[in-house]
Structure formats: structure tokens, C-alpha cells
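Dear colleague,

I am handing over the structure below, and after it I set out what was found when its atoms were analysed. Please read the notes alongside the coordinates.

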Amino acid sequence: MRIDSVHIYGFGKWQDQQFSFPDSNEIIKIIGNNESGKSTLRQFILYMLFGEKLAKLKYYIPKKGTVLGGRMTVSGLSSKVVTIERVDGKNKNNAQVSVAGERKDEDWLQEQLKGIDRAQYEAIFSFDAIDLQQIQHVDNQAIHEVLIAIGMSGSDRIYQAEKKLDKNITELFKPYGKKPEINQLFQELIELKERLVKAKQEEATYRVQLEEMGILESNLDNEIIAKQHVVADLQQLEKRSAHYQLIEDYYLASTNLKRLPSGLAFPTDGIERFNQWKEQLLPLQSEQRIIEKNMKEVEQGLNTLSLLSDEERKQLEYVIDLREEMKYLNEKQEGAANKLAEIRKEITDKLLSIQINLTFDELEEISLPFYLEELWTELSKKIEKIELEQRYVENDQASNQNIMNDFEQQIQHESEQLIDSSIIANYKQELVEADLTREQENQQLRFQKWQKQYRQQSKSSMIIFMVGLLISIGFLFLTDWMWGGIIAFLSFLQYVVMRIYGQVMKKWLAPVQAKSIRLSEKERVEKKQQIEKNEKQKERINSLEKNLQHHRSEQLKLEARTTFLMEQLEQIDIKIRDQQTQFPFLKMVDIAYWAKLYQQLMMQKERLTVFQQIKADLTKLDQIKQQKERELTALPIDLDQNLAEVLQIETDKHNEAIRLADRLKDLSYQLDQCREKQQPYLNEINQLMAHAQVEMEEQFIKKGEQFNQIAATAHKVNQLHDSLSVIFEEQTIIDFANGQFSDKNTLNIHMKESKKKLEKSEKAINQLQKNLSDRKAAIELLESKEEVSIINHQLSLKQEKLSELARKWAIQQIAQSKLIKAKTSYSEKYMPMIFEKASSYFNRLTIERYPSIYIEDNKNILVEDKEGFQYDVAELSQATKDQLYIALRFSLSHVMADRFAFPFLIDDGFVHFDAGRKERVLELLEEISQQHQVFYFTANKTETAKIVL
């Protein structure tokens, strides 16, 4: 979309003002001082596109009574040019749109704007210095909302669907609402239930019947419980009768166990366990005797070895180590010296190869700060840029001069073809006189024709006069003299009128005698063509002279630009000479290669650092070597003998002693292990005898036999107890052991009595069940009355409707969650693209200082500088915040450019930028202007300004 022109009827300070904008991809720079109306013009464009609230619009009402509003022509919204007119108080403040004469409304305009509103437009395409200060409030959620609002508003269907879902859900149900349909149904259901209870309460007998039915149900439950007790007693008696023999055997075994001694202490399976431990202990005792014999033999071998003391052995080893270290130090010194010579030669050769007349020693002395590379690169780029611009300006000057020469030659050529002005004047005079002659001839013809007609008319008038005179004489003598006088008067009158008409027309139509000249039609055409050709020739000359004047002005501008570039070049030359004074070797290198030379020198500096480090290491090695020699001389050892052989013999002895000691240690360990293996068995045997409370093995075996007899009797009692526990409770089994149980005959008598009680209880239950059934039938009859039935029916219908509405509400809730998920998916698709492009823009705006922008914890925006340090937005300077916000805006516009190529409206948005960053952002705007029309409102005058306010 592009804005072609605006016509402001009245808006703030502007009244009846028109602006036209060029149809090109250049930035439209609108220059003006403060209070010149730049911001008002920007607000007018936004007002034409989106309107404005009345509260804000009042600030733009013209002071001199002009109507507030205007019109704007736009291309790109449709295949044809669109004219938008918006006037306050007209058409309900809506826009009137015209497309090739066809009327459109506000809805059509908003549809062509892809559904984007003013807030969304200003979020990306319109900003000033104040808007940029809002960056501290921008986080991932804000970017997310702008992306969704802009990206998904194309067809407006998702937005409308979301609003419709919210509306439908609210109309169906609110937690504390009264008007929603589900809330109303809840209230109606409550009222119906209250009516149902009231209707049932009105049936007096209904409550009585319910109470009686409750009593019957309670009695029935009690009777059933009593029957269950009887059945339980009968079952218990039947079980005792069926298992009488088992109960009797349990009683006899328990009595026999009580006769045996109690509390006899003896371990379980004690005799078997005692015999098992004795068998496993015998092999271990035999192994212990063999190990003790081997240990005595190893101790004798150790006593026969004679070894040096530890101090003597350490001195011997130390001397040998010192000799090896000194040999290693000599080799290392030699290698370091060779490395120093090699590095010195490499650096010297490299300095000679780059031909800058710099020696090895001079390289050591010079200092190359880190900023030099950037400074030299910047100087090279500036001079390259200025030289390139000089070539462009020279080419433009030459091209412009050629054009001027062409115009001068065309003017000279056209001037030579002009006809002399006197000749043209004669031609014009002759044409005028020829036209007068032709007019005279035509007038003479008309006069002659009139004279002929007049003579005929004059004759007729004379005849009429004579006839009238004769008739009047006749009337005078024959009849009435009055009629004769009238006829005579009328005939004379028409004759006099005719004469007067003849005299007047003769004077009017008589041709004026003048100088006459006659031209043929061919001559007239030729002279007119000559005059017209001469006039067109003059117009072409005037047009060429205007164009020539324009190019002369352009030539003056180019000359001024050349002067400015020369001044910049002189300033850069001063900086270059300063650097050459500080670093004389730069005089031998073209400035374009200074940055590469810096890198080469820094590489040699790094090699020089290695050289110095090796040199320092070499000094340390020499000191260490001298120290080792002093230590070697001070030791009390004969250095002439074969120390290695002596050490080897002593080592062999020492190894043998170690082997024997290890063997002794291993045997000692085996002995301990053998004793440890025996100990569990001994402990087990001791525990068995301690548990049996005996000291002799014979006593242990005798007490074990007695314990086994008691265990067998107890085992039988336990078996019988287990059999009874499946059938009877524990307390009942205890009673059996104590002899508390009835004999067989007594059990049979009790069983007969319990059966009689059971029959009586069953008859009572049947009678109660019959009475309860009758009572329920009576209650159901009362409940079947019409009012209760109707209310139940209504209640059922309402519940069914409530279920349907609840299902509908749930479906719409699911749809709403799906829509939210779709929006989230959409933002996840475009958000990486936005931040990737924003990182590129931000890197360029900050002159490659901050290469990356990203989101932390899906909330905070962080930036990362080229050294890897991260900064929160609050830690950035105001200018860097502005650049970050601009990068985000430009990134959003780039990602959405295929759908929203709207104009940018920037009102002095770069006031906090230094010259370098401002140049970068203007370069970005030049790129963006290829996709978007860009309006740049500024107070800084530039030569490329399109409009000056």
C-alpha cells in the first residue's frame, strides 16, 4: 500500500493544505522545525486510515472554523486508485471511500486493511521518540499478542470466532450470573423441586403412610436380625455335633501335654545341629596346623637376608635420579635454544617478507593496542567510501555536464530553426488583413443581396401606399371619412417605416472601405503552419532552457558535494598521517592493507610472546641445573662406582624380602581366615550348650531326648488346634482344651429347640413383608396423583434441556481451548523468524556489538554482545533500547510484509542515536523502503528532503 497524496480540509494547524508524494522506493523525508506540523501530518494520515476517538479528536479542531477532515488517495489497496474521505460529523464519522467512481464504506476499507486496527498499526508501522521509551514494558507476552493480532487478523475469521465463542459461553453460563440460560434453568429446577415437595406435603395421608411404612421396615429388619442370630446358633450346634470326635481328641492331647514338665530349655533340632557342627570343624583344625608350620619356614628365610638401611637406599636412588634429571635438563636446554633461534628466524623472515622495514627488536618495543585494528579498518572503509562516492559524484557531474551540453546544443539547434520575428509579424498582419478583406467581400455580398430585397419591398410598400390612398379617398367621398383617414394613415405609416428601415440598414450593412489583400487558401494554410511551427519551436526552447537550468542547479549541488568530500578526505588524511607518525612502517603500506598488516603483526607479537616465554623457561632451566649440581656434590656417596649395579643388587634383595614378607603376611592372613572359619562352628556349639543350660556333651544329648518327647506331644496338639481353628473361633477352642463342651446328647436337644425358634421367626417375617407391601402400594397410589406427575414431567424436561445446554457449553469450551492452542501454535511458528530477523537488524544497528536477541524463561528479552555477555533490557542505554525496539518493529514488518506492506510513519525516532548508528538505521530504512513506503519526519535538514514544511 502506498499513499499518493493528501488534501487536508482542516486538521490542527493545517487548513486547505495539499501534499503529493513521489511514486518511488526512496524514503520520503519531511523536514520541518518544531511546531511546523510534522506530528500533526502523521496523526492526520492515521486519522484518515482508522479514524479517532472524539476525546482525542478535539485537540485537532481547526481554530479558524474550518471543517475537520480531509481526503487521501491510496494505491495498492485495490487494483485501482482508492480515495478515502473522512469529515468530522459527516456519515457518522465513518470514512467515505471511492474506487474508480464506485462508492465503498468503512467496512470495505477495514477489510482491505486486513482487519488491522490503529493500535496494531502503531505497534509496528508508526512511532516517535516517546514511543521508543516503552521498550522496558515489552516482553515475550507483548510480542506474542502483537504477533497474534497482526498475523491472524487477515481474514478476521479467527478473531470473530473467538469473540463469538466468548459471547456464546457467557450467554450460556456464568458462575455468579442470573441472565445466562443455564443459570436460569438452575433456578427453575430449584423452584420445581420446591413445588414438588410442597405438592407432596399437601397430601396429608402421604406422610402418615410414610411413617407407618418406616415402622414396618424397622420391625422387619429387627425380625430378620433375630432370625439370623437363631440361624447362627443352630449352625454352631450343628458344627459341634459334626466334629465332636475332633473336639474330644484335642481335649485329651492338651491334658497329656499339661502333665509333662514345662519350661524345658533346649534348642530346636539341637542334637542334629550339634553333630553337624562337629563334622565341619575337623578339616579346619587340620588346615590350621599346616599353615603354622609354613609360617615358621618363611620367618627363618627373612632372618638370613642383610639389607641397606632405608636412608642409605634413598640416598643411592636420589643420586641416580639427580643424574637422570641433569641429563634431561641438558637436552631440554638444547631444545629450548634451538626453538628460540627458530622463532627468531621465523619472525625476522616474516618481517622481511611483508617489506615494512621493521626489525625483530623494533617489533618487541612497539605497542599495538586492541583498538588499532578497528581504527585502521574504519579509516580504510571511510577513505574507500569517500573515494567511491567521489567517483560516483564525478560520474554524475560528467553525466550531468553531458546532459547540459546536449540541452545547449538542442537550444542552439532549435534557435537556428526559428523564423525571424519580423517575418512572423508580417505573416500575422497579412492573415489579419486577408481575413478583413474576406469579411468585406462577404459583407458586400450581403449588402447587395439586401439592396435587391429592399428595392422589391420598397416597390410593394409604394403600391400599398397608393392603393391605401385611393381607398381612403373613396371612403372619404362615398361613406365615412373616418375610416378613410385611418386607412390613409396606416398606408402612409408603413411607407414611412419602410423608408426609415432602408436608411438605417443601409448605414449598418454598407461595407467599410479599407486596405485589402487577398490570399489563396493554400497561402493562408502555409502561413498559419509557419506561425504555429515557430510558436512550438519557442515552447521547446523554453522547456529545454528550464531543464538546462535544473541540471545547472544539480551541477552546483554536485560541486558542493565534491567540496564536502574533499574536506572529509583531508580530515582522514590528517588521521592517517598521525598514524604514520606513530607507526613509521605504515608509510610503506597502502591504507587498504593496514588492517591485514595489524593481524600479521599481532600474529608475530603472539610468536614473540612464545619466544619470551621460552627464553624465561631457559633461564629457569639453567638455575635448576646449577642447583642439582650443588646437591650432587654435597652427597656422601662414591660417584665412581657403578651405582646402577649396586642399586640393582640391593633392589633384588629388597624384592626378595618383600616377597617373603608378603608370603608371611599371606600365611598370617590364611591362619586368621582359618581361625575365623572355625569360630562360627565353635560359637554355634557353645550357643547350643548354653541354650540347653549344660556344660558336658553327655548332658546335652540326654536333655535333647526328653525335649523331643515334649515336642511330639505339642505337635499333635497344634495339629488338632489347626483343624479346629478352620471351624471354630479361638475362644471356643480354648474352652474345648479346658473341657468346656457339651456331650453328644445335650447337643441334639439344643438343636431341636433352635429349629423351633427359626420356624416362628420365618412366619413373623412373612407377615411383616405382606403388611409392608400393602403400605407401599398405598403410597404409590398417592404419588400417582396428577399434580405430582405434571411437576415430575416438567422437572424431567428441564433436566434434559439442562443436560443439552451443558453439553453445548462444554463443546464451546473445548473449541475455545483449541482456538487458543491454534494461536499459540501460530506464534511458535513465527516467533523464531521474528527474533532471528530482529537479531540481524539489531546487530547492524549497534555496529555488530550485539549479535543476538532471545527470550529467557518465555518472559524476559535478553541481548548478547559479541563477547558472549548477556544483558537485560533495563541494563541497556536509552539509545540501545531504542535500537532494540526498532529492530523488533522492523522484524515484525519484514515477517508480515507479504500480507501487510503498509507505510512506515517515523517521527524523529532516532534522537538518541549517534552519527554512526543513525547512518545504519537510515540504511535499514532504505532497504525497508523497497517493500514499504517510508515517511521520515525530522527537524534535521538534509539535501534529499522531499517536502520542507
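In this predicted model, strands S6 and S7 pair in the antiparallel sense, with 3 bridges between them, and one of the residue pairings places Ser98 opposite Arg103 of S7 as its bridge partner. Both strands belong to an open sheet of 6 strands, whose order is S2-S1-S4-S5-S6-S7 and whose pairing is antiparallel. The edges of this sheet are formed by S2 and by S7 (102–104), each of which pairs on one side only. Averaged over the sheet and with direction ignored, neighbouring strands are turned by 15 degrees against each other. Helix H1, which covers residues 38–50, packs on this sheet and touches S1 (2–11), S2, S4 (69–75) and S5, while the direction of H1 makes about 105 degrees with that of S1.

Two residues in this part of the chain deserve a look at their backbone angles. As background, most residues other than glycine have a negative phi. Asp16, which is found in strand S2 (residues 14–20), has a positive phi of about 45 degrees although it is not a glycine, and its relative accessible area of 58% makes Asp16 exposed. Asn91 also has a positive phi without being a glycine, with a value near 55 degrees; Asn91 lies in the loop between strand S5 (82–87) and strand S6 (96–99) and counts as partly exposed, at 39% relative accessibility.

Two side-chain arrangements with a charge over a ring may also be of use to you. The charged end of Lys13 sits over the ring of Trp14, at 5.2 Å from the ring centre, and the charged end of Arg86 sits over the ring of Tyr47, at 5.9 Å from the centre of that ring. Tyr47 is also a member of an aromatic cluster, which it forms together with Phe11, Phe44 and Tyr60.

A separate set of strands is centred on S13 (residues 934–938). How many of the residues of strand S13 are buried? The count is 5 of the 5, so the strand is largely enclosed by the rest of the structure. Val934, Tyr936 and Thr938 point one way from S13, whereas Phe935 and Phe937 point the other way, and the residues of both groups are buried. Strand S3 (residues 28–31) runs parallel to S13 and is joined to it by 4 bridges, with Tyr936 of S13 as the bridge partner of Lys29. Strand S12 (residues 904–907) is likewise parallel to S13 and joined to it by 4 bridges, and here Leu905 stands opposite Phe935.

Turning to the aromatic side chains, a search of the whole structure finds 12 aromatic pairs. One of them is formed by Trp376 and Trp594, whose ring centres are 5.8 Å apart and whose planes lie at 65 degrees, so the pair is edge-to-face. Trp376 lies in helix H14 (residues 371–416) and Trp594 in helix H18 (residues 594–634), so this pair ties together parts that are 218 residues apart in sequence. Trp376 is buried, with a relative accessible area of 0%, and Trp594 counts as buried at 0% relative accessibility.

Both tryptophans recur in the surroundings of Gln579, a residue of helix H17 (residues 521–582). Once its neighbours within four places in sequence are left aside, Gln579 is in contact with Leu372, Leu375, Trp376, Leu379, Leu586 and Trp594. Is Gln579 buried or exposed? With a relative accessible area of 9%, Gln579 is buried, under the 20% limit that the term requires.

Finally, there is a helix pair to examine. The axes of helix H10 (residues 244–259) and helix H21 (residues 730–737) come within 8 Å and cross at roughly 65 degrees. On the H10 side the contact is made by Ile247, Tyr250, Tyr251, Ser254 and Lys258, and on the H21 side by Ile733, Phe736 and Ala737. Sorted by class, the contact of H10 with H21 has 6 nonpolar, 1 polar and 1 charged residues.

With kind regards

Methods
Residues numbered from 1 in each chain as written. Predicted model: local features only at pLDDT ≥ 70, side-chain atom pairs only at ≥ 80, totals over all residues. Heavy atoms only, no water. Buried < 20%, exposed > 50% of the residue type's maximum accessible area, 1.4 Å probe, protein only. Helix = DSSP H or I, 4+ residues; strand = E, 2+ residues; numbered from the N terminus. Pairing = 2+ DSSP bridges. Contact = heavy atoms within 4.5 Å. Axes fitted to C-alpha atoms, helices over the stretch in contact; angles between N-to-C directions. Nonpolar A, V, L, I, M, F, W, Y, C, P; charged D, E, K, R; others polar. Phe/Tyr/Trp six-rings, centres within 6.5 Å; stacked < 30°, edge-to-face > 60°. Lys NZ or Arg CZ within 6 Å of the ring centre and 35° of its normal.
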